[in-house]
Number of protein chains: 2
Amino acid sequence: MKMKRPLILVSNDDSVNAKGIKELINFVRPFGDVVVVAPDFHQSGMGCALSASVPIHYREVHKEEGLVIYACSGTPVDCIKLAKNEILKGLPDLIVSGINHGDNSAVNAHYSGTMGAAIEGCISGVPSIAFSLCDHAEDANFTPLKEIIQQLVKLVLAEGLPQWTCLNVNFPFEPDYKGIKVCEQAMGRWVNELDPCPRLGDPNYFWLSGNFQADDPNNEKSDFWALQNGYVAITPISVDVTSYNYIETLNELLNTKE
Amino acid sequence: MKMKRPLILVSNDDSVNAKGIKELINFVRPFGDVVVVAPDFHQSGMGCALSASVPIHYREVHKEEGLVIYACSGTPVDCIKLAKNEILKGLPDLIVSGINHGDNSAVNAHYSGTMGAAIEGCISGVPSIAFSLCDHAEDANFTPLKEIIQQLVKLVLAEGLPQWTCLNVNFPFEPDYKGIKVCEQAMGRWVNELDPCPRLGDPNYFWLSGNFQADDPNNEKSDFWALQNGYVAITPISVDVTSYNYIETLNELLNTKE
């Protein structure tokens, strides 16, 4: 009797044509049948955005034994919604997103379309992992990531993930990894975020830009520190974003305590 | 000696022309000087999306004593980044976002551009509140929200909010509120999310649509339950989305425990 192979859904935010997703597809194919639903165009920085005001469209762009690739006009979240509602008409066993060309650690998890796909997968009840490499280059070298990505895919296919938890996995720029660290999200913010690009005499045009400033760059528990110090950072991410610690205080302030 | 009035930054995702933001501006003006930086066009469902691939632009559209309004071409997060980096060249004392035409409770917090502005405010270190009314109508009646919004604005101006926590405040459709409940984010997901809208014989076009399905609709601690039962739901939201509960288990699974 032949065992049914796991069904692995792949998405990203750099588009279906990015090198990172092609490498990810190759890395995960040994572990299951692969369906790719990814944006037909750059959707970087789209976070959990969805298409509320325009229709979304998809088309098949490649098909072979064990692999079908669809390009979708929408955001990463749209891609996951299309896949589960229409293309698969059900849930895959695993969702992997990426490999992103660029860092998605720390508060970048909020802005990242790569993470958006993983969060949508997690909300849907599917174990989901986002992979990112701290290298923006179009031709970045993803080969050194293969072994750890395959280890994590095997682990999550076997063990699953807790409900409402997905993984944000970031690889440092330099490939001689010191090891893997399970991390907390580094807190901090971007600064100097606007680069002027005046147009026709109007100075009020800007590119988003800037640098990330960690509040505590020496916090060895943080993904920021791990990446700065040569470790692969795995940050487990919660889709339940309730700030439980503040509930009691807020009830007291509002006199709504029962 | 005249006390300096607080500086209140207002944004939303329904655009600078929406009734909800006009009402919110009126509700908060008694408490400070108001600067509005809001999208010039609908940015619903944009979550924490930012403009990574196109420049953003802003222009002044209204000015009077104690109130300046700017329209911005970008997302709600872009609006906050423009405000702090360029327009205010510093941080306001409070950020309020909304009033959204439609429900942003439960997992909708991830998709909501109204919440995106509040999360960006919170990351920036500013006490931030998102307000939403469970009524999509363009001419929804926001008057019944005034008293509670003013109560919350006064409270947060006086007490602040904990670092990395912002508020997601949702008002039920019916205005005879039973009271205020401090809530947990309801867990669940949207189902039946695609409405076909075929074009030129191609069936692969869809509008996002659907219904929210709460996992436990009887969970009286959840914002979903509160809204269904006539309460104003205040869900404190954490910008630190680390899933702390899973760190130890993941370390054991990966043999990365120290």
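These are my notebook entries on a predicted two-chain model.

**Ground rules**

I number residues from 1 along each chain as its sequence is written, and I letter chains from A and number ligands from 1 in the order in which they are written. Since the model is predicted, local features need pLDDT of at least 70 and side-chain atom pairs count only at pLDDT 80 or more, while totals for chains, interfaces and linings use all residues.

**Entry 1: the two copies**

I began by superposing the chains, using least squares on the C-alpha atoms of residues with pLDDT of at least 70 in both. A turn of 180° with a shift of 0.0 Å along the axis lays chain B on chain A, at an RMSD of 0.0 Å. The two copies are thus related as by a two-fold rotation axis. Both copies use the same surface, with 100% of the contact residues of chain B recurring in chain A.

Next I looked up the contact itself, where two residues touch if their C-beta atoms, placed from the backbone, lie within 7 Å. Chain A gives 63 residues and chain B gives 63 residues. On the chain B side I found 35 nonpolar, 19 polar and nine charged residues. For these classes, Ala, Val, Leu, Ile, Met, Phe, Trp, Tyr, Cys and Pro count as nonpolar, Asp, Glu, Lys and Arg as charged, and the others, Gly among them, as polar.

**Entry 2: a sheet with strands from both chains**

I took helices (H or I, at least four residues) and strands (E, at least two) as DSSP runs, numbered from the N terminus. Strands pair if DSSP finds at least two bridges between them.

Which strands make up the open sheet of 11? I read the order as β8(A)-β13(A)-β7(A)-β6(A)-β5(A)-β1(A)-β2(A)-β4(A)-β3(A)-β11(B)-β10(B), with mixed pairing. β8 of chain A and β10 of chain B stand at the edges with a single partner strand each, so one side of each has no neighbour in the sheet. From one strand to the next, the twist averages 25°.

I then checked where the chains join in this sheet. β3 of chain A (residues 56-64) pairs with β11 of chain B (residues 205-208) over two bridges, in the antiparallel sense. Ile56(A) has Phe206(B) as its bridge partner. Within chain A, β5 (residues 94-101) and β6 (residues 128-133) run parallel and are joined by five bridges. There, Asn100(A) stands opposite Ser132(A).

**Entry 3: helices α2 and α4 of chain A**

Helix α4(A) (residues 113-123) packs on the sheet, touching β1, β5, β6 and β7 of chain A, and its direction makes about 170° with that of β6(A). My angles run from 0 to 180 degrees between N-to-C directions, and axes are lines fitted to C-alpha atoms, for helices over the stretch in contact.

How far apart are the axes of α2(A) and α4(A)? I get 7 Å, with a packing angle of about 30°. Residues that meet here include Ile80(A) and Lys81(A) from α2(A) and Ala117(A) and Glu120(A) from α4(A). By class, this contact has five nonpolar, four polar and two charged residues.

Is α4(A) mostly covered or mostly uncovered? It is mostly covered, as 11 of its 11 residues are buried, that is, with 20 or more other C-beta atoms, placed from the backbone, within 10 Å of their own (12 or fewer would be exposed, and in between partly exposed). After α4(A) comes Gly125(A), with a positive phi near 95°.

**Entry 4: Leu133(A)**

I picked out Leu133(A), which is found in strand β6 of chain A. It counts as buried because it has 26 C-beta neighbours inside 10 Å. Beyond its neighbours within four places in sequence, its contacts include Ile99(A), Phe142(A) and Phe171(A).

**Entry 5: enclosed elements in chain B**

Strand β13(B) (residues 231-238) has eight of its eight residues buried, so the rest of the structure largely encloses it. Its two faces are both covered, with Tyr231(B) and Ala233(B) among the buried residues on one side and Val232(B) and Ile234(B) among those on the other. β7(B) (residues 165-171) pairs with β13(B) in the antiparallel sense over six bridges, whereas β8(B) (residues 179-182) runs parallel to β13(B) and is joined by four. Asn168(B) stands opposite Thr235(B), and Lys181(B) has Ala233(B) as its bridge partner.

Last, I looked at helix α1(B) (residues 19-28): seven of its 10 residues are buried, so it too is largely enclosed by the rest of the structure. Gly20(B), Leu24(B) and Phe27(B) are among those buried.
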